[in-house]
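Here is a short tour for anyone who likes to have the model open while reading. Take a look at the structure below, and then we can walk through it together.

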Amino acid sequence: HWKHGGIVGVKGYGGGVIGRYSDRPDLFPGVEHFHTMRVNHPTGWFYTTKTLRALCDVWDKHGSGLTNMHGSTGDIILLGTKTENLQPCFDDLSNAGFDLGGSGSALRTPSACVGPARCEWACIDSLDICYNLTMHFQDQIHRPMFPYKFKIKTSACANDCVAAIARADLSIIGTWKGKIQIDQKEVQTCAKSGLDIREEVVDLCPTKCMKWDEKAQTLTLEDADCNRCMHCIDLMPKALRQGKEKGATLLIGGKA
């Protein structure tokens with residue numbers, strides 16, 4: 001059996017620990033308790049090796065040593081410990097600079113892609129947004145107060161590397177305004193290199209906003225019809241670039 005908070009936990013927190021108990025402790029005495037701890041990850045999942053070693057040392061001391069890096073919410077998942085080890089484990093995690101993530105009917109731990117730290121397509125600072133959301137909503141993350149869970153994820157562009165659209169109730173997606181920038185010489189280079197622009201780019205455009213003139217070797221776009229999915233940009237990154245005015249789209253609606 002398992003439950004997102006309420007059965008077991010640590011002082012001052014209503015979530016972050018998922019209680020798990022065996023129905024047959026007589027047959028499996030080693031896992032009569034096998035609680036899961038969710039630990040708030042650093043935004044963008046950037047770690048130093050020193051930090052990872054410290055985390056693993058804490059979990060080897062207090063738990064099974066099994067981890068999931070990372071869960072679908074984004075948290076560091078520490079799998080398997082006993083009730084009496086929860087508070088000492090949390091204390092050691094806190095001393096190492098970690099905090100628990102969200103669980104149950106709470107705001108789940110916000111997560112984000114690597115954004116401008118590593119990606120040339122970032123239209124917004126997903127790392128900064130995720131950090132600010134996490135710090136602002138500490139109470140809602142640690143003390144469940146909602147009728148149901150709520151997830152916020154931030155992707156810095158439409159490639160959505162954090163799967164915000166699939167997994168979040170509020171998706172923050174980086175985007176742009178204005179025309180896609182086209183370098184016709186690079187378009188021609190793509191065509192010469194073997195890319196079938198009509199079949200692989202134009203025909204796969206979801207809004208059919210592109211036209212390829214085979215004779216003139218030119219690509220034209222009707223930007224008003226473009227939904228900025230970035231399929232064409234991903235296939236021809238030197239030929240096509242995002243518009244210059246950057247911003248974000250907010251998508252609201254429960255998914256998972």
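## The loop after β3

Let's begin with W45, which sits in the loop between β3 and α1 (49–62). This is a predicted model, so please read each value below as computed from it. The backbone at W45 has a phi near 60 degrees, a positive value in a residue other than glycine. Is W45 buried, or is it partly exposed? Its relative accessibility is 27%, and because buried means under 20% and exposed over 50%, W45 counts as partly exposed.

A second residue can be described in similar terms. R228, found in the loop between β11 (218–221) and α8 (231–235), has a phi near 60 degrees, again a positive value in a residue other than glycine. With a relative accessible area of 30%, R228 is partly exposed.

## Strand β3 and its partners

Now step back to the strand that leads into the W45 loop. In a regular strand the side chains alternate between the two faces of the sheet. Strand β3 covers residues 36–39, with T36 and R38 pointing one way and M37 and V39 the other way. On which side would you look for buried residues? Either will do, since all four of these, T36, M37, R38 and V39, are buried.

β3 has strand β2 (residues 17–20) as an antiparallel partner, joined to it by two bridges. You can find this pairing at I18, whose bridge partner in β3 is T36. β3 also pairs with strand β5 (residues 76–79), in the antiparallel sense and over four bridges. Here M37 is the place to look, with L78 as its bridge partner in β5.

The loop between β4 (66–69) and β5 is home to H70. The peptide bond that leads from M69 to H70 is cis, with omega near 10 degrees.

## A four-stranded sheet and helix α3

Elsewhere, four strands form an open sheet with mixed pairing, in the order β6-β7-β8-β13. β6 (111–112) and β13 (245–252) stand at the edges with a single partner strand each, so one side of each has no neighbour in the sheet. Between β7 (residues 152–155) and β8 (residues 170–177) the pairing is parallel, over four bridges. To find your way along this pair, look for K153, which stands opposite S171 in β8.

Helix α3 (residues 126–136) lies across β6, β7 and β8. Relative to β7, α3 runs at about 165 degrees.

## The largest pocket

The largest pocket holds about 220 Å³ of space. Of its 13 lining residues, the closest to the centre are N40, H41, P42, T43 and T134. Which element gives the most to this lining? That is α3, with four residues.

## A buried histidine

Our last stop is H142, in helix α4 (residues 138–142). H142 counts as buried because its relative accessibility is 3%, where the cut-off is under 20%.

What does the side chain of H142 meet at 3.0 Å? The answer is the side chain of D99, through a polar contact. Leaving aside neighbours within four places in sequence, H142 is in contact with Y13, G14, G15, D99, L100 and G101.

Terms used:
Residues are numbered from 1 along each chain as its sequence is written. This is a predicted model: local features need pLDDT of at least 70, side-chain atom pairs count only at pLDDT 80 or more; totals for chains, interfaces and linings use all residues. Side-chain values use heavy atoms; hydrogens and water are left out. Buried means under 20% relative accessible area, exposed over 50%, partly exposed in between (1.4 Å probe, protein chains only). A polar contact is a pair of N or O atoms within 3.5 Å; within protein, one must be able to donate a hydrogen and the other to accept it, and residues adjacent in sequence count only if both atoms are side-chain atoms. Contact means heavy atoms within 4.5 Å. Two strands pair if DSSP finds at least two bridges between them. Axes are lines fitted to C-alpha atoms, for helices over the stretch in contact, and angles run from 0 to 180 degrees between N-to-C directions. On a 1 Å grid over the protein atoms alone, a cavity is a set of points where a 1.4 Å probe fits but cannot get out, and a pocket is an open set with protein on both sides within 12 Å along at least five of seven lines; lining residues have an atom within 4 Å of a point. Grid points are joined across faces, edges and corners, and a volume is the space filled by probe spheres set on the points.
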